[in-house]
Amino acid sequence: MKRVYISIGSNIDRYRHVTAALDALADWFGDLVISPVYESESVGFDGSNFLNLVVGVDTDEPVGRLSRRFKALEADNGRKASAPKFSPRTLDLDILTWGDAVGTVEGVELPRAEILKNAFVLRPLADIAPGDQHPVCGECYGELWRAYQRDQKLWPVDFSWRERQVSASAPA
């Protein structure tokens with residue numbers, strides 16, 4: 001079994017699509033390790049704010065099959081494959097890591113470069129796996145988050161799923 005970390009994002013009907021992703025992942029993999037849910041500004045284009053989180057699952061499913069399942073789930077939730085890369089989206093699922101795999105595995109670049117670039121990926125990953133090491137740079141995700149220097153704003157939001165509070169907004 002491999003521990004796989006998956007990023008989830010949405011900026012169209014956000015709560016509904018994030019819930020749909022969590023439901024599907026739980027149906028497929030059983031227990032999920034779920035980070036807090038964060039709201040963040042769009043990066044790379046003008047658009048409404050995103051909800052972002054990271055989920056950890058244990059699976060022996062190959063990377064290529066996971067990627068195809070995630071693309072099908074995105075399409076089932078209204079994401080258009082022909083839409084520009086930097087545009088609003090109903091649902092975005094990306095494989096961040098698959099065990100300690102490095103390089104292109106079945107067409108998927110691992111680990112995903114966004115881990116080291118975007119706060120909306122690194123922060124939730126550090127929340128659920130602070131002691132896990134990035135398979136290329138060797139630093140723990142918690143250390144990487146503490147050293148993060150980019151000016152990307154994100155903040156926790158209230159989010160419940162299956163009668164469980166996943167995250168709460170920061171006190172004012």
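These are my notebook entries on a predicted model, taken feature by feature.

**Entry 1: the nonpolar cores**

I began with the interior and looked up the largest nonpolar core, which has 33 residues; I8, L22, L25, L32, V55 and L93 are those with the most contacts inside it. Next I asked which elements build this core, and found that strand 1, helix 1, strand 4, helix 2, strand 5, strand 7 and strand 9 (159-161) each supply at least two residues. Helix 1 gives the largest share, seven residues. A second core, separate from this one, has 17 residues and includes V54, L96, V121 and L154.

I then took I8 and listed its contacts, leaving aside neighbours within four places in sequence: V18, A21, L22 and L25 are among them, as are L51, N52, L53 and V55, and also L91, D92 and L93.

**Entry 2: L51 in strand 4**

From I8 I moved on to one of its contacts, L51, which is placed in strand 4. L51 has a relative accessible area of 0% and is therefore buried. Which residues does L51 contact, once its neighbours within four places in sequence are left aside? I noted I8, G9, S10, R14, Y15 and V18, then V37, Y38 and E39, and finally V157. I also looked up the pair L51 and A20, which lie 31 residues apart in sequence and 13 Å apart in space, C-alpha to C-alpha.

**Entry 3: T59, also in strand 4**

T59 is likewise placed in strand 4, and at 5% relative accessibility T59 counts as buried. Where does the side chain of T59 reach? I found that this side chain reaches the backbone nitrogen of E61, at 2.9 Å. Not counting residues up to four places away in sequence, T59 touches M1, K2, V4, F29 and L66, and the last of these, L66, is itself one of the buried residues of helix 2.

**Entry 4: helix 2**

That contact took me to helix 2, which runs over residues 63-76, has 14 residues and reaches 20 Å from its first C-alpha to its last, close to the 20 Å expected at 1.5 Å a residue. The buried residues in helix 2 are V63, G64, L66, F70, L73 and E74, so that I noted a glycine and a glutamate in the list as well. I looked up what covers these buried residues, and the cover includes strand 1 (2-10), helix 1 (14-29), strand 4 (50-59), strand 5 (92-98), strand 6 (103-105) and strand 7 (108-110).

**Entry 5: helix 4 and P124**

Helix 4 is mostly covered, with eight of its ten residues buried; these are A119, F120, V121, L122, P124, L125, A126 and I128. I singled out P124, which lies in this helix (residues 119-128) and counts as buried because its relative accessibility is 0%. Not counting residues up to four places away in sequence, P124 touches S35, P36, Y38, L53, V54 and A119. For P124 and V37 I noted a C-alpha to C-alpha distance of 7.6 Å, although the two are 87 residues apart in sequence.

**Entry 6: backbone geometry**

I looked up the peptide bond between L110 and P111 and found it to be cis, with omega at about -15°; P111 is in the loop between strand 7 and helix 3 (114-117).

Two residues that are not glycines have a positive phi. For D13 the value is about 45°, and D13 is found in the loop between strand 1 and helix 1. For E163 the value is about 65°, and E163 sits in the loop between strand 9 and strand 10 (164-167). Are these two residues buried or exposed? D13 is partly exposed, with a relative accessible area of 43%, whereas E163 is exposed, with a relative accessible area of 86%.

**Entry 7: the cysteines**

How many disulfides does the structure hold? I found zero. The cysteine sulfur closest to that of C137 belongs to C140 and is 9.1 Å away, which is too far for a bond, because a disulfide requires the two sulfur atoms to be within 2.5 Å. C140 is accordingly in no disulfide. I also noted the accessibility of each cysteine: C137 is partly exposed, with a relative accessible area of 35%, while C140 is buried, with a relative accessible area of 16%.

How values were computed. Residues are numbered from 1 along each chain as its sequence is written. This is a predicted model: local features need pLDDT of at least 70, side-chain atom pairs count only at pLDDT 80 or more; totals for chains, interfaces and linings use all residues. Side-chain values use heavy atoms; hydrogens and water are left out. Helices (H or I, at least four residues) and strands (E, at least two) are DSSP runs, numbered from the N terminus. The expected span of a helix is 1.5 Å times one less than its number of residues. Buried means under 20% relative accessible area, exposed over 50%, partly exposed in between (1.4 Å probe, protein chains only). Contact means heavy atoms within 4.5 Å. A nonpolar core is a set of buried Ala, Val, Leu, Ile, Met, Phe, Trp, Tyr and Cys residues joined through side-chain atoms within 4.5 Å. A polar contact is a pair of N or O atoms within 3.5 Å; within protein, one must be able to donate a hydrogen and the other to accept it, and residues adjacent in sequence count only if both atoms are side-chain atoms.
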